[in-house]
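Notebook open. I want to see how the protein sits against the DNA, and then how some helices pack.

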There are 2 protein chains.
Amino acid sequence: MSPSEADSALPAGGGAFLLTQLGTHAAQAFAERIAELDLTPPQAGLLRAVAFGPGRSQQALAQQLGTAPTRLVALVDGLEQRGLLERRRNPGDRRLHAVHLSVAGEAVMADIGRVSRDHNDAVLSALDPAEREQLRALLARVATDRGLTPGVHPGYRTLSAADPGSPSREDRATY
Amino acid sequence: MSPSEADSALPAGGGAFLLTQLGTHAAQAFAERIAELDLTPPQAGLLRAVAFGPGRSQQALAQQLGTAPTRLVALVDGLEQRGLLERRRNPGDRRLHAVHLSVAGEAVMADIGRVSRDHNDAVLSALDPAEREQLRALLARVATDRGLTPGVHPGYRTLSAADPGSPSREDRATY
DNA sequence: TATTGTTATACTCTATAACTATA
DNA sequence: TATAGTTATAGAGTATAACAATA
């Protein structure tokens with residue numbers, strides 16, 4: 001079989017492939033930007049979660065972030081050592097650690113907000129405001145249809161690799 | 001600072017976040033579909049690359065796929081043991097292994113093409129053909145603007161995690 | 001006994017470096 | 001000596017399971 005027979009339709013040219021490609025790119029670009037704050041994306045996500053709902057237990061945070069409680073320990077450890085998070089004992093139930101932002105942590109949160117907005121603008125710089133809204137609306141419909149709760153993404157946890165491999169330049173001709 | 005101040009704009013609601021979210025979802029969905037053929041996405045990508053350009057060396061394939069030559073060895077090993085790929089010695093330069101699809105490999109390639117098309121249809125099922133094309137056009141412009149060669153994606157290799165963490169349902173209100 | 005948090009262990013994936021065989 | 005392929009080693013990241021403290 002010839003290559004053009006093998007995948008005549010659009011494996012690497014279809015919308016699903018573009019979504020995979022751009023999703024990867026967006027995640028990488030965000031990781032690079034957030035690295036300027038000496039943060040990883042998971043760390044930024046944890047800070048954001050704590051900022052939104054201060055004083056929650058690590059169990060609650062783990063459930064919200066969709067990660068194992070054991071993973072949260074190391075994350076909180078690192079951010080606590082850097083003085084961005086605080087563990088506070090709960091007098092009512094001393095098993096719980098209420099996680100709060102420190103003052104420094106709140107300052108970093110403001111930085112994260114700026115970085116996120118810059119990131120969004122950079123990724124979508126090719127589109128004007130109307131087009132961005134158009135794209136947003138289409139993506140939101142796909143996300144809803146696919147059962148993705150807006151604001152909650154899978155988290156790249158069980159991800160092994162990519163879409164239809166990495167076809168590359170040469171393949172474009174046929175795809 | 002209150003959460004709504006911290007990220008007033010759109011960190012988890014903007015187009016960039018949606019791209020990350022849907023990109024992850026599309027990659028996972030493809031991985032699940034291709035697993036029905038007992039393949040991983042990297043394996044499918046390698047088969048596709050070989051199908052498009054048969055007889056190339058592992059070095060050439062590694063460069064095209066954007067991966068280290070050492071990683072390709074194990075990939076080719078597995079697919080050769082399953083009888084889908086063949087290593088053929090090059091009489092001219094016996095250091096090279098020309099990689100070819102076997103007959104069984106060509107049959108699997110046809111399956112991959114079907115799976116890829118089904119995957120694309122499923123992911124975009126919320127949109128009618130005109131809307132799919134609209135989305136495709138917008139994504140293609142963003143991809144070009146960001147310097148991504150169509151058909152070649154990063155490959156989820158250096159990916160550490162996700163966009164702005166995993167904000168989750170509760171955050172939607174503010175985001 | 002159940003639950004929160006922690007620690008220890010193992011497993012997967014990938015990257016780096018050393019080795020061989022050919023040239 | 002330089003290159004293609006291979007093997008071996010190690011590193012990052014994550015998941016699983018056992019453990020200690022508290023309820």
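**DNA strand C**

I started with the make-up of the protein surface here: near DNA strand C, the residues divide into two nonpolar, seven polar and six charged. My classes put Ala, Val, Leu, Ile, Met, Phe, Trp, Tyr, Cys and Pro as nonpolar, Asp, Glu, Lys and Arg as charged, and the others, Gly among them, as polar. "Near" means that a heavy atom of the residue lies within 4 Å of the molecule or strand.

Housekeeping before I go on: this is a predicted model, where local features need pLDDT of at least 70 and side-chain atom pairs count only at pLDDT 80 or more, while totals for chains, interfaces and linings use all residues. Residues are numbered from 1 along each chain as its sequence is written, chains are lettered from A and ligands numbered from 1 in the order in which they are written, and side-chain values use heavy atoms, with hydrogens and water left out.

Which residues come closest to DNA strand C? I found 15 residues around the strand, the closest being A:Gln58, A:Gln59, A:Thr70, A:His97 and B:Arg95. Of the strand C atoms that come within 4 Å of the protein, sugar and phosphate account for 73%.

Next I looked up polar contacts (pairs of N or O atoms within 3.5 Å; within protein, one must be able to donate a hydrogen and the other to accept it, and residues adjacent in sequence count only if both atoms are side-chain atoms). A:His97 puts a backbone N or O atom 2.9 Å from a phosphate oxygen of strand C. B:Arg71 uses a polar side-chain atom, 2.9 Å from a phosphate oxygen of strand C. For B:Arg94, a polar backbone atom is 3.0 Å from a phosphate oxygen of that strand. The elements giving two or more residues to this surface are helix H4 (58-65) and H5 of chain A, together with H5 of chain B. Helices here are DSSP runs (H or I, at least four residues), numbered from the N terminus.

**DNA strand D**

I counted 16 residues around strand D, with A:Arg71, A:Arg94, B:Gln58, B:Gln59 and B:Thr70 the closest. Sugar or phosphate makes up 74% of the strand D atoms within 4 Å of the protein, and bases make up the rest.

Where do the bases get touched? A polar side-chain atom of B:Thr70 lies 2.8 Å from a base oxygen of strand D, and one of A:Thr70 lies 3.3 Å from a base oxygen of strand D. B:Gln59 goes to the backbone of the DNA, with a backbone N or O atom 2.6 Å from a phosphate oxygen. By class, I have two nonpolar, seven polar and seven charged residues near strand D.

**Helix packing**

In chain A, H3 (residues 41-52) and H5 pack at about 85° with their axes 10 Å apart; axes are lines fitted to C-alpha atoms, for helices over the stretch in contact, and angles run from 0 to 180 degrees between N-to-C directions. H3(A) and H5(A) are therefore roughly perpendicular, a term that covers 65 to 115 degrees. A:Pro42, A:Gln43, A:Leu46 and A:Leu47 of H3(A) meet A:Arg71, A:Leu72, A:Leu75, A:Val76 and A:Leu79 of H5(A), where contact means heavy atoms within 4.5 Å. That contact has seven nonpolar, one polar and one charged residues.

Key
Angles under 35 degrees count as roughly parallel, over 145 as roughly antiparallel, 65 to 115 as roughly perpendicular and the rest as oblique.
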